[in-house]
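User: I am new to this structure and would like to learn how to read its sheets. Please take me through them step by step.

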Amino acid sequence: DRRSNINYKQLIIYGPAGVGKTYGIRNIAVELKIDENIFEKQTVHTVFHPEYSYYDFFGKVMPIKDKNSQISYDFLPGPFAQALSKAYKNITKQPINPEKVILVVDELNRGNAASIFGGLFNLLDRNDIGISEYPLNIYGMEAMWLRNQIGDSDLSTLKKYSKKTNFEMYDEENKSLKIYIPDNLSIICTMNTSDQTIFSLDKAFQRRFNKSFKTAQNSINEYFKDDNIKIEPK
């Protein structure tokens with residue numbers, strides 16, 4: 001789907017090691033109209049590995065010691081929750097054409113992607129305008145953290161933005177929040193095809209992503225494009 005590929009909602013960049021898969025994401029950011037000066041601010045980066053879990057990815061409740069050495073428990077957001085929060089905040093600041101956010105997942109197949117995404121997997125199904133087709137309930141401290149990040153007054157803005165009118169984003173009685181991936185959040189992954197210590201990606205996961213193969217030749221041509229130098233194969 002050419003249109004989806006241009007929008008870069010969900011993309012896997014794959015190829016051998018050292019061809020500039022991660023570096024090339026900066027060029028994608030330019031196409032998404034993310035200013036180079038705020039690239040780091042609008043990007044959340046993580047790297048999968050064999051011990052990486054859903055709780056590392058979304059976030060987890062951890063004991064925190066304050067300055068008086070008192071222990072309390074708080075939700076520490078992972079990369080997915082951080083990226084979602086950034087995207088939501090950008091929508092509440094500017095509902096029309098909000099600033100884009102990129103969640104970068106390096107080494108996608110070095111972790112068990114299906115297990116790491118867990119229930120977030122359903123959010124990867126996006127409708128024609130790039131918003132999750134099926135919202136997901138989160139509960140407890142993770143719901144409270146994200147609600148506090150958004151602010152109660154802005155929950156209605158996000159509800160309207162989702163184009164869904166049949167749910168309340170926050171359920172006070174059950175302390176649950178319905179979340180969705182908005183169209184200003186792109187998930188861009190890199191995958192090394194030459195590494196043997198990898199997990200396989202099932203077809204259901206793969207079909208929710210566009211894919212782009214990157215070779216050394218592609219990388220060289222991209223690097224020298226401003227100098228009008230092109231490397232052609234023999």
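User: How is the sheet of 3 strands ordered?

Analyst: As a general idea, strands of a sheet pair through backbone hydrogen bonds, either parallel or antiparallel. Here, an open sheet of 3 strands has the order β6-β8-β7, and the pairing is antiparallel. β6 (136-139) and β7 (170-171) are at the edges with a single partner strand each, so one side of each has no neighbour in the sheet. Strands are DSSP runs of E with at least two residues, helices are runs of H or I with at least four, and both are numbered from the N terminus. Two strands count as paired if DSSP finds at least two bridges between them. This is a predicted model, in which local features need pLDDT of at least 70, side-chain atom pairs count only at pLDDT 80 or more, and totals for chains, interfaces and linings use all residues. Residues are numbered from 1 along each chain as its sequence is written, and side-chain values use heavy atoms, with hydrogens and water left out.

User: How many bridges join β6 to β8?

Analyst: β6 and strand β8 (residues 176-179) run antiparallel and are joined by 4 bridges. Asparagine 137 stands opposite lysine 178 in β8. Helix α6 (residues 140-150) packs on this sheet and touches β6, β7 and β8, where a contact means heavy atoms within 4.5 Å. The direction of α6 makes about 105° with that of β6. Such angles run from 0 to 180 degrees between N-to-C directions, with axes fitted to C-alpha atoms, for helices over the stretch in contact.

User: What is the order of the sheet of 5 strands?

Analyst: This open sheet has the order β2-β5-β9-β1-β10, with parallel pairing. Its edge strands, β2 (43-47) and β10 (210-213), each pair on one side only. From one strand to the next, the twist averages 20°.

User: Which residue is the bridge partner of glutamine 10?

Analyst: The partner of glutamine 10 is isoleucine 187 in β9. Strand β1 (residues 10-15) pairs with strand β9 (residues 185-192) in the parallel sense over 6 bridges. Helix α4 (residues 79-93) lies across β2, β5 (101-106) and β9, and runs at about 165° to β5.

User: In which sense do β3 and β4 pair?

Analyst: Strand β3 (residues 59-65) and strand β4 (residues 71-77) pair in the antiparallel sense, over 7 bridges. Methionine 62 stands opposite aspartate 74 in β4. The hairpin of β3 and β4 has 5 residues between the strands, and serine 69 takes a positive phi near 65° there.

User: How many helices and strands does the chain have?

Analyst: The chain has 9 helices and 10 strands.
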